[in-house]
Amino acid sequence: MGTRRMMILQKRQVLVFFVLLGLSRASTESLHYSVTEETEIGTFVANLAKDLGLGVAELSSREARVVSDDNKKRLHLNLLTGDMLVSERLDREELCGSSQPCVLPFQVVLENPLQFYRAELHVRDINDHSPTFLDKEISIKIPESATIGATFLIENAQDLDVGSNGLQDYTISPNSHFYVKIHDSGDGRMYPELVLDRALDHEEESELRLTLTALDGGSPPRSGTTSVLIKVMDINDNTPEFAQSFYEVQVPEDTPIGSSIIAITATDLDIGNYGKISYSFLHASEGIRKTFKINPTSAEVNLRSLLDFEVIQSYSVNIQATDGGGLSAKCTLLVKVLDINDNAPEVTISSITKTVPENASETLVALFSVRDQDSGDNGRILCSIQDDLPFILKPTFKNFFTLLSEKALDRESRSEYNITITVTDMGTPRLTTQHTITVKVSEINDKAPAFTQSSYTLFVQENNSPALHIGTISATDSDSGSNAHITYSLLPTHDPQLDLASLISINADNGQLFALRALDYEALKTLEFRVSATDQGSPALSSQALVHVQVLDANDNAPFVLYPLQNASAPFTELLPRAAEPGYLVTKVVAVDRDSGQKAWMSFQLLKATEPGLFSVWAHNGEVRTSRLLSERDAPKHRLLLLVKDNGDPQGSASVTLHVLLVDGFSQPYLPLPEVARDPTQDDDDLLTLYLVIALASVSSLFLLSVLLFVGIRLCRRAQAASLGGCSVPVGHFPRHLVDVSGAGTLSQSYQYEVCLTGVSDTKDFQFLKSVSPNHEVVNFMEENSTSVNGFGYN
């Protein structure tokens with residue numbers, strides 16, 4: 001135990017220099033405190049809150065703590081009271097060795113904002129160690145010829161205490177030959193020397209045994225003793241001599257154990273036993289004896305244990321050469337330890353934050369210190385982290401660094417960072433220490449839901465069943481937890497006439513869309529609305545997407561016949577001149593289909609006819625034409641049953657009944673007879689109705705004939721008065737019904753005609769003047785090179 005403490009006395013620290021960029025954050029004044037060594041744990045040192053001028057609450061909120069250079073927790077700060085207490089027993093001799101005063105520097109670190117205060121703790125010495133001699137017995141050989149006043153060196157005692165508690169005096173047990181003289185070496189150490197006070201006589205007394213006592217200056221004083229054996233030798237008149245009194249050697253600290261450091265020899269002119277020299281260490285401490293050994297015959301100094309430059313940089317070794325007659329000489333060997341880069345840098349984490357919010361910038365992640373026990377370039381340190389990370393290192397105070405986030409982080413792009421702090425010294429070879437810190441990025445709601453498509457187009461067949469699933473919209477949220485839980489909803493439309501809620505519903509959890517009722521393509525072909533996806537963050541974020549619902553047409557509408565009308569009480573009748581050529585257009589069936597596309601393509605088919613082969617129907621346009629010339633044998637009335645079919649699946653159809661009446665000319669009255677089943681109970685009423693119709697037709701015919709005659713006479717008189725001839729009016733009644741002018745179709749009876757035959761020219765003009773119905777256009781026909789009125793097909 002004593003040897004270990006003597007080794008600590010020679011321990012020195014290696015300072016590591018940094019370029020401090022954050023020195024402005026550190027307080028320029030140092031706090032000084034003192035405490036007596038070996039005080040009890042929990043002993044009050046000072047109230048830091050009062051000394052720093054801070055409240056106890058502020059001290060606690062700023063997470064104040066005491067950090068020492070070597071990261072030892074010798075002091076404890078009570079954040080509830082602000083008191084700084086001793087947290088372990090302090091041994092001044094172990095901490096500082098023989099250095100005085102014993103000062104332990106430390107820092108008081110405050111966060112939010114980061115601030116440092118320098119402080120020193122002075123450890124006061126107490127007299128807790130007694131002087132001790134390393135040898136229980138000291139043997140000295142003195143020739144009997146030694147003169148009075150001759151001095152003899154003896155081993156000194158060692159006291160780990162310092163100052164007044166250290167070694168102060170030596171005494172020798174009472175005797176008649178010697179007394180003790182104290183020699184000050186100049187380095188603060190006291191060495192005892194025996195002074196011969198009365199001549200020795202080998203024959204009278206060959207040995208003397210004395211007790212040497214070492215005293216310290218404590219109160220009460222402590223002491224230590226050793227036995228001194230003095231052997232009186234015969235006369236030896238030559239002392240050993242070294243070639244030089246001082247030797248110096250440099251030894252690398254990685255020199256293996258057992259290596260020879262140096263060999264020092266001395267010479268003695270005596271012969272025989274008095275000329276034989278033995279070598280030993282003189283005034284060697286326990287640390288020197290554990291580190292080196294000397295060959296007593298050859299004086300070769302070898303390494304006994306490994307050297308450590310960071311502990312002791314040099315050794316001063318006294319070597320004594322003693323001949324057989326007891327005469328001795330000494331020299332000093334200075335062993336300088338050469339530093340090599342054998343210590344890797346050290347990283348000490350003071351505080352760390354393992355979770356950082358993703359929207360926070362310049363957040364303190366870690367506070368740490370670095371050091372390297374080597375010296376020179378071997379102790380110079382470079383500190384760095386990876387370049388591709390959004391974090392920066394900032395030097396703060398002395399050898400402390402802060403690790404900060406450089407900008408706001410994004411958890412969705414990266415949720416975790418492994419930050420490797422790399423500390424490299426400048427030695428050869430360079431040594432590196434790495435420390436990895438894992439930082440997780442905490443979630444905030446900064447990402448709105450995103451739809452997989454900006455717009456969706458869905459298709460649904462009309463006449464669907466209620467609550468039919470027509471499609472699904474989907475959105476994703478790169479956030480996590482409740483911030484990524486999405487709720488879907490329909491947004492109100494801008495069309496006040498569209499009741500979207502009665503047509504479409506959406507599942508709020510999975511975005512499934514449903515048609516609430518059957519849709520009709522003919523009423524609603526397309527439906528457009530917006531949907532919203534909202535997360536459950538705070539505040540909630542949302543996005544929108546456009547949804548197009550296309551209603552697909554089904555063949556749910558049969559063809560509808562517009563012409564001829566089928567809802568009259570009597571069937572519609574068409575007139576056909578018996579002189580009609582083959583291909584004569586009898587009529588055209590007009591039908592529509594409310595469906596769309598190919599489903600609305602209609603085809604016409606003649607199902608049944610009174611005279612098969614007489615009529616044909618064009619399948620694509622519904623035109624009913626004659627297939628051959630009419631004959632006298634053909635019945636005057638014909639009934640045609642036509643079928644109109646669409647192109648859907650299943651196929652829709654409608655039937656139309658058409659009555660065709662054969663006439664010899666347009667002067668023949670047209671009185672269509674209804675072919676409907678009559679009720680026998682109504683025969684009398686129908687007969688009376690028939691009489692009334694005949695009477696009305698007769699009166700109308702007479703009135704029309706009178707008007708025509710009157711108009712014709714006026715025209716003839718006007719023509720006779722003209723110089724260029726006149727206009728002749730054909731004799732006979734001009735029919736008010738249908739007339740065929742081109743053989744290409746039939747015309748409605750609601751037209752008025754005017755025929756003008758000029759006497760000068762052979763050109764005959766036939767003109768439709770106007771239509772009674774406003775929906776019909778005026779049609780002009782011009783037919784030239786006709787030779788007679790019969791060219792119009794009249795008899």
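# Grounds for the terms used

Me: The largest cavity has a volume of about 100 Å³. What makes a void in this structure a cavity?

Reply: The model is predicted: local features require pLDDT of at least 70 and side-chain atom pairs pLDDT 80 or more, while totals for chains, interfaces and linings use all residues. Residues are numbered from 1 along each chain as its sequence is written, and side-chain values use heavy atoms, leaving out hydrogens and water. A cavity is a set of points, on a 1 Å grid over the protein atoms alone, where a 1.4 Å probe fits but cannot get out. Its volume is the space filled by probe spheres set on the points, which are joined across faces, edges and corners. A search of the whole structure finds 2 cavities of 30 Å³ or more.

Me: Which residues line the largest cavity?

Reply: The lining consists of Val66, Val67, Ser68, Lys72, Lys73, Arg74, Leu75, Leu104, Pro105, Phe106 and Leu121, where a lining residue has an atom within 4 Å of a point. Strand E3 (65-68) and strand E6 (102-110) are the elements that give two or more residues to this lining. Helices (H or I, at least four residues) and strands (E, at least two) are DSSP runs numbered from the N terminus.

Me: How do you know that Cys96 and Cys102 form a disulfide?

Reply: The sulfur atoms of Cys96 and Cys102 are 1.9 Å apart, and a disulfide is a pair of cysteine sulfur atoms within 2.5 Å. The pair therefore meets the rule. By this rule the count comes to 1 disulfide.

Me: Why is the disulfide of Cys96 and Cys102 called right-handed or left-handed, as the case may be?

Reply: The torsion about its S-S bond is about 65°, so the disulfide is right-handed.

Me: Are the cysteines Cys96, Cys102 and Cys331 buried or exposed, and on what grounds?

Reply: Buried means under 20% relative accessible area, exposed over 50%, and partly exposed in between, with a 1.4 Å probe and protein chains only. Cys96 has 12% and is therefore buried. Cys102, at 3%, also counts as buried. Cys331 has 1% and is likewise buried.

Me: What makes the contact of Arg92 and Glu93 a salt bridge?

Reply: A salt bridge is a side-chain nitrogen of Lys or Arg within 4 Å of a carboxyl oxygen of Asp or Glu. Between Arg92 and Glu93 the N to O distance is 3.5 Å, so the criterion is met. Arg92 has a relative accessible area of 2% and is buried; Glu93, at 0%, is buried as well. In total, the structure holds 18 salt bridges.

Me: How do you know that Glu155 and Arg289 form a salt bridge, and what does the pair tie together?

Reply: Their closest N and O atoms are 3.8 Å apart, which qualifies the pair as a salt bridge. Glu155 lies in the loop between strand E10 (151-153) and strand E11 (157-158), and Arg289 lies in helix H5 (residues 286-291), so the pair ties together parts that are 134 residues apart in sequence. Glu155 is buried at 12% relative accessibility, whereas Arg289 is partly exposed at 26%.

Me: What makes Glu248 and Lys336 a salt bridge, and where do these residues lie?

Reply: The side chains of Glu248 and Lys336 meet at 3.4 Å, N to O, in a salt bridge. Glu248 belongs to strand E18 (residues 246-252) and Lys336 to strand E25 (residues 328-338), so this pair ties together parts that are 88 residues apart in sequence. Glu248 has a relative accessible area of 42% and is partly exposed; Lys336, with 34%, is also partly exposed. Elsewhere, salt bridges that share partners join Arg92, Glu93 and Asp125 into one network.

Me: Why are E18 and E21 called edge strands?

Reply: The open sheet has 4 strands in the order E18-E25-E24-E21, with mixed pairing. E18 and strand E21 (278-282) each pair on one side only, and are the edge strands.

Me: How do you know that E21 and E24 pair?

Reply: Two strands pair if DSSP finds at least two bridges between them. E21 and strand E24 (residues 314-322) have 5 bridges, in the antiparallel sense, so the requirement is satisfied. Leu282 stands opposite Asn318 in E24.

Me: What pairings does E15 make?

Reply: Strand E12 (residues 167-172) pairs with strand E15 (residues 207-216) in the antiparallel sense over 5 bridges, and Leu167 stands opposite Asp216 in E15. E15 also pairs with strand E16 (residues 223-233), antiparallel over 9 bridges; Leu210 has Val228 in E16 as its bridge partner. E15 and E16 form a hairpin with 6 residues between them.

Methods. On a 1 Å grid over the protein atoms alone, a cavity is a set of points where a 1.4 Å probe fits but cannot get out, and a pocket is an open set with protein on both sides within 12 Å along at least five of seven lines; lining residues have an atom within 4 Å of a point.
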